[in-house]
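Me: I have a protein chain to look at and some questions about it. Please keep the answers short and show the reasoning.

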Amino acid sequence: MIMRNRIRYSLLLGWILLFTACDDYLLNNMVDDKVYLLKAGFHRAEISEVESFYELYVIKSGAGQQAVTLKLEIDESVLTAYNEEEGTAYRLLPSDSYTLLSNTIGFDEEGYREAFRFDFNMPRMRSLLEEEGEIFALPCRVTIPGHEIEASRPDEMYSIIALALKNDYIEFSEWGVMAGVRLYPDATDKDSTSYLIRTNYRNEQDITFTLEVKEELLDEYNQANGTSYLLLPEAAYGFNEAEWNVPANARERRFFVNLFRSGLLKDGRFLFGEYMLPVQITTVSKYGINPEQSVMYIPVSFIPYEFDRSSWQIIDYSDQDVDNPASAILDGNQDTFWHSYWGDQNAPLPHYVIIDMLEEKEVSQIELCRRLWSTDTRTVEIEFSMDGTVFTNVGKVEYGYAEWWESSLRVLNITPTKARYVKVIATESNNPPHTSIAEVYIRGTR
C-alpha cells in the first residue's frame, strides 16, 4: 500500500514539474515588461468646447507579468531644454487653465494602456490662446516611483504638449470641385450620387443641418475660373432631406443627390450642356460650419448621343496633303489627321472640309480634336446645311495659343439644330497658312 502511494506521488510530482517546465519554456522568448508614452517628444494637441480634454497615453508592453504605478510631473526644465535646442519660445501653460485628474495611474499585470487626463478651463484657454497666441505647452515627465519595471527608453518618458484651439465644425469630407457626373439621354430618368458630411469632433448628440443650391456661388466660380457652366435646373435635381442629420455617436453621414434627366427636357428637346450644382451647408443645429469646407461644386455633363460616322462621306475640301487626306477626320484614329497642302504652293487660309451625314439629324454638340502634339490649328468655324449649298454658322471652336501638351479636344455645345451637312472651316492658324484636324465627332438626338 505504501509503495503504491509512493508511485502515485511520484507520478503527480512528475506532471507538476512537466507543466512548470512548459510554462517556463513559453516565457523564454518573452521580453520583460516595459512602459513608454504613446506620443513621446513634442506634439500638438487641439482642444475645443466639445473636446476640452486631452489624454496622454502610456503603453505597457512585454510578457504582461508585472503590475506598475506611474507618476506624471509637470517639469518646466523639459520645456526649457526643448526651446534652447529648437530655437522656440513656448511658455509653460498656467496651472489655473487646466486640471490633471490624477498624477498617478496604475497597471495591473495584464494591463497594456492607461492615460493621464487633463481637463481644460475653456474660457481661460480661449483668453490665453486668442490674445497671446498658441505659445503655451505642458511639459510632462512620467516616472516609475517604485521601480517595479523599466522604461522602454528615457526619451520615451517625456512629452511636450503644445496647445491649440479648434472650432467645432460640421463640414464636407470633400469640398471644392467634385468628380464630374455624366448623364446620357438613353439611360433611366434618375441617377443618384452620394457625398459625405462629417463633424470634426466627437459627436455625442443628433446634429441636423441644411443644404442649399446657390446660383451666386456659380456666378463667382465662373468669373474666377473663366468658365461658363450653367446652373442645373431645379427640376433636374433633388435631395432627400431626411438624410440631413448626423446621428449621435457618429461623426459622419452620407447623403444623396438625385439627378433627373426629365428635368433637362423642354418642349420635347433635351437641354444638352455643361452644368454645375453649387451646394452649400447653410445651417447646423449645434456649434458651427467650417467656412473652408462648406461648399462643393458638382459638375454635370448632359451629353447627347454620338452618331455613327462609319458610312459618312467627305464630299468637298479646300485642299489636302497627299499623306494626310481629309477623310482622316472620320477614321476614328486620333493619330491620323487631315492637313492642308504642304508644298511649294500652299493655299491661303481658310481651309475647309464638308461632311455629308447622309441623312438629316438634330445636332447638339461638336467635338473637335486637332492634330496631336501640334499647335497649328487656332480657330475653327462650324456651319450647318440641309442641302449642301446654303450653310449657316452655328459657332466656333477656339484653341488660341494652347500649347501642344494641353488637351487637343474641344467641345462646342449648340442649340439643337437640324442638318445633313457639316462644314468645318479652319479660319486661323498659329502657323499660317497651315492647319490640321485629327477627328470631328458629332452628337445629337437620334
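Reply: One term is needed beforehand: a residue is buried under 20% relative accessible area, exposed over 50%, and partly exposed in between. Note also that this is a predicted model.

Me: Is Asn249 buried or exposed?
Reply: Asn249 is found in the loop between strand 19 (245–246) and strand 20 (252–260). Its phi is near 70°, a positive value in a residue other than glycine. Because its relative accessibility is 67%, Asn249 counts as exposed.

Me: What is the relative accessibility of Trp373?
Reply: Trp373 has a positive phi near 65° and is not a glycine. Its place is in the loop between strand 29 and strand 30 (377–385). Trp373 counts as exposed, and exposed means over 50%; its relative accessibility is 64%.

Me: Which residue follows Pro432 through a cis peptide bond?
Reply: The bond has an omega of about 5°. The residue asked for is found in the loop between strand 32 (409–429) and strand 33 (436–445). The cis bond joins Pro432 to Pro433.

Me: Which strands are the edges of the open sheet with the order 18-20-15-12-24?
Reply: This open sheet has five strands with mixed pairing. An edge strand pairs on one side only. That holds for strand 18 (237–239) and strand 24 (288–289).

Me: Which residue of strand 20 stands opposite Lys190?
Reply: Strands of a sheet pair through backbone hydrogen bonds, either parallel or antiparallel. Strand 15 (residues 190–199) and strand 20 run antiparallel and are joined by nine bridges. Opposite Lys190 stands Phe260.

Me: How many aromatic pairs are there, and what is the angle between the planes of Tyr221 and Tyr229?
Reply: Pairs are counted where ring centres lie within 6.5 Å, and the count comes to 14. Tyr221 and Tyr229 are 6.3 Å apart, centre to centre, and their pair is tilted. The angle between their planes is 55°.

Me: Which of these two tyrosines, Tyr221 or Tyr229, is buried?
Reply: Tyr229 has a relative accessible area of 23%, so it is partly exposed. The value for Tyr221 is 16%, and because buried means under 20%, the buried one is Tyr221.

Me: How many residues apart are Phe270 and Phe302?
Reply: Phe270 and Phe302 form an edge-to-face pair, 5.7 Å centre to centre with 75° between the planes. Both are buried. The pair links distant parts of the chain, strand 22 (residues 269–270) and strand 25 (residues 295–302), and the separation is 32 residues.

How values were computed: Residues are numbered from 1 along each chain as its sequence is written. This is a predicted model: local features need pLDDT of at least 70, side-chain atom pairs count only at pLDDT 80 or more; totals for chains, interfaces and linings use all residues. Side-chain values use heavy atoms; hydrogens and water are left out. Helices (H or I, at least four residues) and strands (E, at least two) are DSSP runs, numbered from the N terminus. Buried means under 20% relative accessible area, exposed over 50%, partly exposed in between (1.4 Å probe, protein chains only). Two strands pair if DSSP finds at least two bridges between them. Rings of Phe, Tyr and Trp (its six-membered ring) pair if their centres lie within 6.5 Å; planes under 30 degrees apart count as stacked, over 60 as edge-to-face and the rest as tilted.
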